[in-house]
Amino acid sequence: MFRDTKAFSGFSVDDTDRAQQFYAETLGLRVSRDDAMGGMLTLHLAGDRPVLVYPKADHVPATYTVLNFPVEDVERAVDELTARGVRFTRYEGMPQDDKGIMRGNGPDIAWFTDPAGNVLSVLAQD
């Protein structure tokens, strides 16, 4: 039934203006906005993979990673994002280095949050 459907994902934020600024300016993604739909955003990811970002008054940040960004060089991505004001999340019990990168337990990965508190990551691409 769904084999050929082009499914997409979505998640909520508490402030679409701040989210739009973060995703467009800080992360450099192409973002479109539909004010007729209450200010919903669409993140236009590589590979024609749209992600819906919608406003929710009683938003609670996701406690899991909602978006993973595969990159060639995790350390370089962390350095660039840190220079743009992004702070990387540290998890107790996770073997992360001084920059917040976990190495040697699967692909190198570092987690951070958007302004609404949703968890994102940069990770080594295969």
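Here are a few friendly notes on the two largest pockets of this predicted model.

1. Let's begin with the largest pocket, which holds about 440 Å³ of space. Its lining is made of 19 residues, and those closest to the centre are Leu-27, Phe-69, Val-71, Ala-77 and Val-122.

2. If you want to find this site by secondary structure, look at strand E3 (40-45), strand E5 (65-71) and helix H2 (74-83): these are the elements that give two or more residues to the lining of the largest pocket.

3. The domain assignment is worth a glance here too. Domain 1 (9-55) and domain 2 (65-124) each supply at least three residues to the lining of the largest pocket.

4. As for chemistry, the lining of the largest pocket counts 11 nonpolar residues, alongside 5 charged and 3 polar ones.

5. Now to the second largest pocket, with a volume of about 260 Å³. Along the chain, its lining takes in Lys-6, Ala-7, Phe-8, Ser-9 and Phe-11, then Leu-45, Asp-48, Arg-49, Pro-50 and Val-51, and finally Val-66 and Leu-67.

6. Which elements give two or more residues to the lining of the second largest pocket? They are strand E1 (9-13), strand E4 (49-55) and E5. E4 gives the most, with 3 residues. Strand E5 is also on the corresponding list for the largest pocket, so to speak a familiar face when you turn to the second one.

7. By class, the second largest pocket is lined by 8 nonpolar residues, 3 charged residues and 1 polar residue.

Note on methods:
Residues numbered from 1 in each chain as written. Predicted model: local features only at pLDDT ≥ 70, side-chain atom pairs only at ≥ 80, totals over all residues. Heavy atoms only, no water. 1 Å grid on protein atoms, 1.4 Å probe; cavity = no way out; pocket = protein on both sides within 12 Å on 5 of 7 lines; lining within 4 Å. Points joined across faces, edges and corners; volume = space filled by probe spheres on them. Helix = DSSP H or I, 4+ residues; strand = E, 2+ residues; numbered from the N terminus. Nonpolar A, V, L, I, M, F, W, Y, C, P; charged D, E, K, R; others polar. Domains from an automatic or database assignment.
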